[in-house]
Amino acid sequence: MFLLLFLFWIFQLSFAFQVPICKTVRHTGIFSDAYLSTLYTFSFDLTVNANAQNPSYPNTVTVTNFTEWYLNSTVFNRISPWSFVLYDKINKSIECPSMTENCVIQFPNGQQRYYFDFSYKNRTDSTKFVLGTKVFVNEGTFFDGISGYFWNPHNLTDMAINMSFSGTDLSLTGYSICTNFDYINIPDSGNDMCNTFEMNTTISIPFVSNPIYTYAKVVVTNMTYKVENFSAQNLPDQSSMYVDYILDPSIPINTQELRFPDNVHYDFLFDYNSSQHQLNGIFLGELIKRNGMFLKNENQPFTPESMSGEIASLMNSFTIAPDGNHTTRVGLIAYATNVTVYLQLNKTTNYDDFVNLLFNLADNVNPDDSGGKVQPALLQASNIIPSANDRSRVPIIVLFAAAYDPDGLDGAVTISNRIKADGISIVAVNYDFENGYMASMLKLIASPGYYYPANADILFGKISYAFTQINCVCPTGYTQFFVNNTNWGNITKYADCFFSDGALALPNLAERVCSSRNSGSLIALTSQKRFDFFTDQFLPLDHAISKKKQLTIGLHKSSTDGQWKWWGYNGTEYPYANYPPMATPAPNDNYGYMWNWYGFNWTLQTGKDFSYSYICQQQGCDVNNFCDIALKAHVKI
């Protein structure tokens, strides 16, 4: 697939102080009757460890130190195993028949609760009573599930339980406390801080074919936050409803601006209810704030310069390997005043090794070095990418820039032009996007349509889209069909490639020639966008036919049913749909031609067999259609 080379501007984070993170929670409870007689007690510990190998269920929770006591099991009796609710896409639950170390549960990020069935005075309640406090677990850390705060190791009763049960004289008291802490460093609040966050999730509902896609943008201003653009797509039936909230369903997240205090962890949740399904507490995303800084999973700084997690997630869908079909080689280069190659393209091993190296980059940084030598970084990148004749993968350089040395500015643009002329695409991400001079230079360095400011909506989604676009290329000497997207400032490339050598041929022979070129066909001008590209982009650049006044295209009268059709790939046909406009053909007309009367004014004409120059089109090369990309520089965009 790709030769992917990441260029990072690297920096040093300063750390201010340590805060505790909870690793073990002890749950206790006492059931009493109206006379305050103790009927049943329980206690157990839950210990969590992060499981990075399971992104869907990244929390491994183990049960230890379980005890329970009955006054009289004929009065109060637990009649089912302990169970734990997994508040994920389908609200599953896991039973623990024996509450020992053998009970190990993989939790998703989000709410964690436990429950069991019981009988009281020979009465069996038909519902499972959820007990205890709401506890949230996230990437190997427990949080207070009511306010989102870290647990205070000096306060043992801040998660107290006081419950009564309707129709009985039962009450439950107890607490949940954190008994084991680790300590982590939290960076100084002086670092640049993000203030806009995007969250999305996919909900798979049993027996519903299309998943629900949700999206929300959270904007933080000083000590407040507001959720904007919350949406849910593909709701399976019109009677369905969703409620979005933070921790508590009584607090909607998309209706007001709310206070966001420091040292808090907020999980953004919503419920989905329809006539057939009821899913509660679905996890949409989270925000963590410590010491004035927003953090992400595992309490890593969530600053504009911190993109390792996003890149790791972006690359998770690629098969990273040194060899084999549909595989990607990856390289890493870090630059400041000096340039260092941390991973050569020919040293690629697998995804896990790439991610480990990615996250270890910060350990190799000079804290006093704020240089931004883009020019030597690009030069080093171009030197380790194989030459055009020696590579079988599509080459991409992804440049992350947060500083720029103006001394090498002109040279960087010159080198980037040479790199792009060699068929290598450059994607540039600008983390100093308010610097107009740097933005203008990075736009010149990037391939057309592949410059992104770091504050762009769905930034890494756009980078992923750029990869799919760059992966769609054309064979040697062909011109690729593309459309400029003025609103997005990029281009959309299509899997159609045009070619003409100016030779003359009758239409049926021209189609045979085109078909012999990787099962291609004569060009089909089926839309205004394709027609505009033909007249404005292809013809002026293709000197073999740039002065021709008549050209053969793929429109013809089908020999099977006498209807006008276009030739398609692999010898197929598909109907003419009244574009371009066509005057009523003469009875003996069999083929379509484009005639140029003046300037860019081309019209469709029909006629008999005429020997004109013709244009072939071929399907683009991508992961499912291998072809010669050795001279990708011939793709004209």
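In this predicted model, cysteine 514 and cysteine 616 are joined by a disulfide, with the two sulfur atoms 2.0 Å apart. The torsion about this S-S bond is about -80°, so the disulfide is left-handed. The bond links distant parts of the chain: cysteine 514 belongs to helix H7 (residues 507-516), cysteine 616 belongs to strand S41 (residues 616-619), and 102 residues separate the pair. What is the relative accessibility of cysteine 514? The value is 0%, and because burial requires less than 20%, cysteine 514 counts as buried. Its partner, cysteine 616, is likewise buried, with a relative accessible area of 1%.

A disulfide is also found between cysteine 474 and cysteine 497, where the S to S distance is 2.0 Å. Here the angle about the S-S bond is -90°, and the link is left-handed. Cysteine 474 sits in the loop between helix H6 (459-471) and strand S31 (479-485), while cysteine 497 is part of strand S32 (residues 490-499), so this pair ties together parts that lie 23 residues apart in sequence. Both cysteine 474 and cysteine 497 are buried.

Cysteine 472 makes a useful companion to this pair. Which cysteine sulfur is nearest to that of cysteine 472, and how far away is it? The nearest is the sulfur of cysteine 497, at 6.6 Å. Because a disulfide requires two cysteine sulfur atoms within 2.5 Å, this distance does not qualify, and cysteine 472 is in no disulfide. Cysteine 472 is nevertheless buried, with a relative accessible area of 8%.

The search of the whole structure finds 4 disulfides, among them a bond between cysteine 96 and cysteine 103. The S to S distance for cysteine 96 and cysteine 103 is 1.5 Å, a value that computational readers may wish to note. Are these two cysteines buried or exposed? Cysteine 96 is buried, with a relative accessible area of 2%, and cysteine 103 also counts as buried, at 5% relative accessibility.

Away from the cysteines, tyrosine 598 offers a view of the surface. This tyrosine is placed in strand S38, which covers residues 591-598. Its relative accessibility is 56%, and because the cut-off for exposure is over 50%, tyrosine 598 counts as exposed. In sequence, tyrosine 598 and lysine 549 are 49 residues apart, whereas in space their C-alpha atoms are separated by 8.9 Å.

Conventions. Residues are numbered from 1 along each chain as its sequence is written. This is a predicted model: local features need pLDDT of at least 70, side-chain atom pairs count only at pLDDT 80 or more; totals for chains, interfaces and linings use all residues. Side-chain values use heavy atoms; hydrogens and water are left out. Helices (H or I, at least four residues) and strands (E, at least two) are DSSP runs, numbered from the N terminus. Buried means under 20% relative accessible area, exposed over 50%, partly exposed in between (1.4 Å probe, protein chains only).
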